[in-house]
Amino acid sequence: MKWTTILLFLCFMGITMASAQQKTFKGTWLYEQGEKNGTIQLDLYQKSVENEFDMDGALCFGTFAFSDGSYYSIEEVEVEGNKASLQQVLDTEMGNFKMQMTYNSADQSIELSTNGANGLPDKLLLRKSDIQNQETSAESPIINEVDNETSSPINWTSIIGAVILIIAMAGYSLFIINKKNEFDQVYTTEYFSATRRSNGKSPQSSSEEDTQVTGLLDKLQHELTTFQNHTSGASYLVVLKKKQHKKCAGYLRQAIEIASTNPEILHDLQQYAHILANSQKRLFDGSYSVMIAAGIATLLVGYLMSDLLIVILFAGAIAVYYLASFAPQYLILNKVANSSHTSTGFLGTLANIVGNAKVITYIFDTQDTIDTITGDNIYRYDDYSQVQASVFIVILAYLVTGIGIMYIACWRFFRNFIMH
C-alpha cells in the first residue's frame, strides 16, 4: 500500500507536468489575408486576456483585433482537446456571435470558423506568432501588445490526478491510523499456556526459557530512553526513534515466541509491550491555525476564481492535512525532548510578533497657554505602525500557508506515513 501511494504521487506529478504543456489555445496568433490583418490573443482556459474596449478593464478568454478597426472579445468558451467552441463572441457594437476553432498541432495554426459573423470570411487561418512577429506587432498600431504573463490553468486531467492523489493519501492515512498494533493486547499466563500447547510444548515454561526471556527484556530496557517530564517531575521509559522501536520490537517478539509463563516476567513483558504499542499510537500533531488559514484561503480563492472545483480540491487538501498530521507518538516525543520549550509552530511564532510589537508613544510639549481646565500642556501621540506591520505579516503568512496547504499536506504525509 505504501509503494502504491508513492507511485500514485509520482504519477500525479507527471500528470501535472504534462497538463502544463497541453495549453494549446493559449498565446498569440496572427491573421494576414490581402490588405486585412490582425492579432488574436487567446487563453481559452481562464479569463486572463484584457478586453481593451472595456472601460473597467475586464478580463476575457481572448480578443480579435483587425486592421479595419473591428474588435472582438471571447466571453464564453468550451474546450475539448484540439477543438474549441466559442459560445459567446462580442464585437465593439455588442453583437453576439458563435464561432469554432480547430488547432493543428503540426504547424500550431488554428482554423477559425466564423459562420460569416459580421461580414467576416467563413474560414480564417491563424498562424502562431513567433518572437519576431511579436516584436513587429509591438511597432504596429493595429496589433495589440502581447501579454507575457503566465498562468497555470487546471484541466480535467490534472483535476482527476489530484482527486486520485487526495483519495489515496486520505485512505492510506485512515488505514494506518486505525490499524491495530501487534503489541496492543493482554499477555497472561493462560494466553502463553494455550500458545505453548498449540506448539506442542508443556503448559509451563522452564527456568532456562524464563532466563532467556529475562535476558531479552533486559536488552529491550537498555534500548529505551528515559524521558523526564519537567512539569510533574516524573520520568518514563519511552521510544524516541524509529530504529529504536524496530530494535526493541525485535527483542519483544523473541520474548513472546519463547512464551514464558512466569508471572513476574509476564508483568515486565506487558509493560514493555504497552510502551511499544503507545509509541506507535498516532496523535494529531498538526496546527488548527493552518487549517483555519487554509479554509480562509479556500473561500478567498473560490470567490476570486468562481470555480467550485478549486474549492473542492482545497477542501480535500485540508482533509488530507488533518489526517496526515497524525504522527507516531515517538516522533512527537522526540520533538519535545529535543526542544527546550514547547514549540508553537511556524504560524504561532509569527502570531507572537503581534504580541511583541511595541506601541511607540511620543510626548510633545506645547508652547500654548496651559489648559485652564486640566492644567495639562503635554500632548500624547501613539504610533501603531509596528503593530499594523506585524498584523500584515501574520495575515500574509496565513494566506500563503493556506494557499500552499496541498504541498504542506503532502510533506506531512511523506514524513508521518512514508518515512515513519
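At 26% relative accessibility, Glu 223 counts as partly exposed in this predicted model. Its side chain meets that of Lys 247 in a salt bridge, with 3.4 Å between N and O. Distant parts of the chain are linked by this pair, since Glu 223 belongs to helix H5 and Lys 247 to helix H6, 24 residues apart. Lys 247 is likewise partly exposed, its relative accessible area being 43%. Glu 223 also appears among the contacts of Gln 244, a residue found in helix H6 (residues 242–258). With neighbours within four places in sequence left aside, Gln 244 is in contact with Glu 223, Leu 224, Thr 225, Val 238 and Val 239. Gln 244 is buried because its relative accessibility, 10%, falls under the 20% limit.

The structure holds seven salt bridges, among them the pair just described. Another is formed by Lys 47 and Glu 75, whose closest N and O atoms are 3.9 Å apart. Lys 47 lies in the loop between strand E2 (36–43) and strand E3 (49–50), whereas Glu 75 lies in strand E6 (residues 71–80), so the bridge ties together parts that are 28 residues apart in sequence. The two partners fall in separate accessibility classes: Lys 47 is partly exposed at 40%, while Glu 75 is buried at 17%. A further salt bridge joins Lys 123 to Glu 111, and here the closest N and O atoms are 3.9 Å apart. Because Lys 123 is part of strand E10 (residues 123–128) and Glu 111 part of strand E9 (residues 109–113), this pair ties together parts that are twelve residues apart in sequence. Lys 123 is exposed, with a relative accessible area of 52%, and Glu 111 is partly exposed, with 38%.

The protein chain as a whole contains 13 helices and 16 strands. Of its 420 residues, 39% count as buried. The accessible surface of the chain comes to about 25100 Å², and carbon and sulfur atoms account for 56% of that area. Among contacts with a separation of 6 or more, 58% are between residues 24 or more positions apart.

Helix H7 (residues 263–280) has 18 residues, which at 1.5 Å a residue should span 26 Å; the end C-alpha atoms are 26 Å apart, in agreement with that expectation. The buried residues of H7 are Ile 265, Leu 266, Leu 269, Tyr 272, Ala 273, Ile 275, Leu 276, Ala 277 and Ser 279. An α-helix has 3.6 residues a turn, so residues three or four places apart point the same way. Several helices and strands receive the buried residues of H7: these residues pack against helix H4 (189–198), helix H5 (207–223), strand E12 (235–238), H6, strand E14 (326–328) and helix H10 (329–337).

Helix H4, one of the elements that pack against the buried residues of H7, contains Arg 196. Arg 196 is buried, with a relative accessible area of 3%. Not counting residues up to four places away in sequence, Arg 196 touches Lys 201, Ser 202, Pro 203, Gln 204, Ser 205, Ser 206, Glu 209, Ile 258, Ala 259 and Thr 261. One of these residues, Ala 259, is 63 residues from Arg 196 in sequence, yet the two C-alpha atoms are 6.9 Å apart in space.

The structure holds zero disulfides. Cys 248 is buried, with a relative accessible area of 0%. Cys 410 also counts as buried, at 13% relative accessibility.

On the surface, Leu 300, Tyr 303 and Leu 304 make a nonpolar patch of about 370 Å². Tyr 303 has its place in helix H8 (residues 288–305). With a relative accessible area of 65%, Tyr 303 is classed as exposed because the value is over 50%.

Key: Residues numbered from 1 in each chain as written. Predicted model: local features only at pLDDT ≥ 70, side-chain atom pairs only at ≥ 80, totals over all residues. Heavy atoms only, no water. Patch = residues over 30% accessible without salt bridge, like charges linked within 9 Å, V, L, I, M, F, W, Y side chains within 5 Å. Areas by Shrake-Rupley, 256 points an atom, 1.4 Å probe, with all protein chains shown as cover. Salt bridge = Lys/Arg side-chain N within 4 Å of Asp/Glu carboxyl O. Helix = DSSP H or I, 4+ residues; strand = E, 2+ residues; numbered from the N terminus. Buried < 20%, exposed > 50% of the residue type's maximum accessible area, 1.4 Å probe, protein only. Disulfide = S-S within 2.5 Å. Contact = heavy atoms within 4.5 Å. Expected span 1.5 Å × (residues − 1).
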